[in-house]
Amino acid sequence: MSDDGVRDLLPDFVIECRTSRDFWNYIQRAFRSYADRSRYVEAQLLPIERQFRPERQRAPGNRPAEVRIEYSPVRPVSAASLTFVSEDRLAEFRTMQARSFDLQRLIRLCEEANVAYSEGCYHATAMLVRGLLDHVPPLFGKRTFTEVANNHGSRSFKESMQHLENGARKVADAHLHTAIRNRETLPTAQQVAFGPEVDVLLAEIIRILG
């Protein structure tokens with residue numbers, strides 16, 4: 001990992017599987033037989049062998065696409081190039097002076113959503129968005145977010161808020177309240193990608209408080 005000539009050639013599972021047990025859990029689910037597992041590992045390491053073992057420089061074949069398994073213990077593919085909440089929105093909130101409300105928790109919820117989303121922590125992202133929806137209704141003079149979604153602003157604003165209420169809340173509830181089962185699926189970046197609607201919500205809060 002510390003060798004620049006090697007690191008960029010490493011398959012992801014070498015980086016993401018931090019222990020031999022992690023790797024076994026991954027490769028066991030990826031292929032049923034030892035022969036298939038062996039061929040897969042050999043093909044994934046082929047570029048490194050070609051570079052550092054002269055006798056393998058002309059070895060035939062290509063590295064296939066890596067197997068990504070939903071139930072694998074390896075870390076999720078990161079959305080590090082994306083932010084869930086715009087840094088411009090956060091900058092506006094940090095400089096606001098809201099007379100009747102303390103915005104510290106709102107800002108921290110947004111900051112933690114950015115960290116969770118960029119690190120591939122999609123359970124946490126969904127739950128933080130749900131927390132945000134429960135946190136902001138008093139800013140609109142409402143008790144619940146359902147009231148905000150149905151009784152505030154323009155038609156387009158209401159549609160965006162109803163998408164949050166009916167989509168983001170249900171996604172979070174599904175992951176928060178589901179007991180363990182004999183087979184699971186994990187949330188993806190796409191499943192929790194409610195950033196545009198959250199931005200509409202935050203923009204309206206800034207308008208109201210400004």
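Reader: In which helix is glutamate 204 found?

Author: In this predicted model, glutamate 204 is found in helix α10, which covers residues 195-209.

Reader: Why is glutamate 204 called buried?

Author: The relative accessible area of glutamate 204 is 12%, and buried means under 20%, so glutamate 204 counts as buried. Leaving aside neighbours within four places in sequence, glutamate 204 is in contact with Phe140, His152 and Phe157.

Reader: What makes serine 160 count as buried, and in which helix is serine 160 found?

Author: Serine 160 is found in helix α9, residues 155-177. Because its relative accessibility is 19% and the term buried applies under 20%, serine 160 is classed as buried. Not counting residues up to four places away in sequence, serine 160 touches Glu197 and Val200.

Reader: How many disulfides does the structure hold, and how do you know that cysteine 17 is in none?

Author: The structure holds zero disulfides. For cysteine 17, the nearest cysteine sulfur is that of cysteine 121, 17 Å away, whereas a disulfide requires a pair of cysteine sulfur atoms within 2.5 Å. Seen from cysteine 121, the closest cysteine sulfur is that of cysteine 17, and the 17 Å between them is too far for a bond, so the pair is not a disulfide.

Reader: Why is cysteine 17 called buried, and why is cysteine 121 called partly exposed?

Author: Cysteine 17 has a relative accessible area of 10%, which is under 20%, and therefore cysteine 17 is buried. Cysteine 121 has a relative accessible area of 38%; because this value lies between the 20% cut-off for buried and the 50% cut-off for exposed, cysteine 121 is partly exposed.

Terms used
Residues are numbered from 1 along each chain as its sequence is written. This is a predicted model: local features need pLDDT of at least 70, side-chain atom pairs count only at pLDDT 80 or more; totals for chains, interfaces and linings use all residues. Side-chain values use heavy atoms; hydrogens and water are left out. Helices (H or I, at least four residues) and strands (E, at least two) are DSSP runs, numbered from the N terminus. Buried means under 20% relative accessible area, exposed over 50%, partly exposed in between (1.4 Å probe, protein chains only). Contact means heavy atoms within 4.5 Å.
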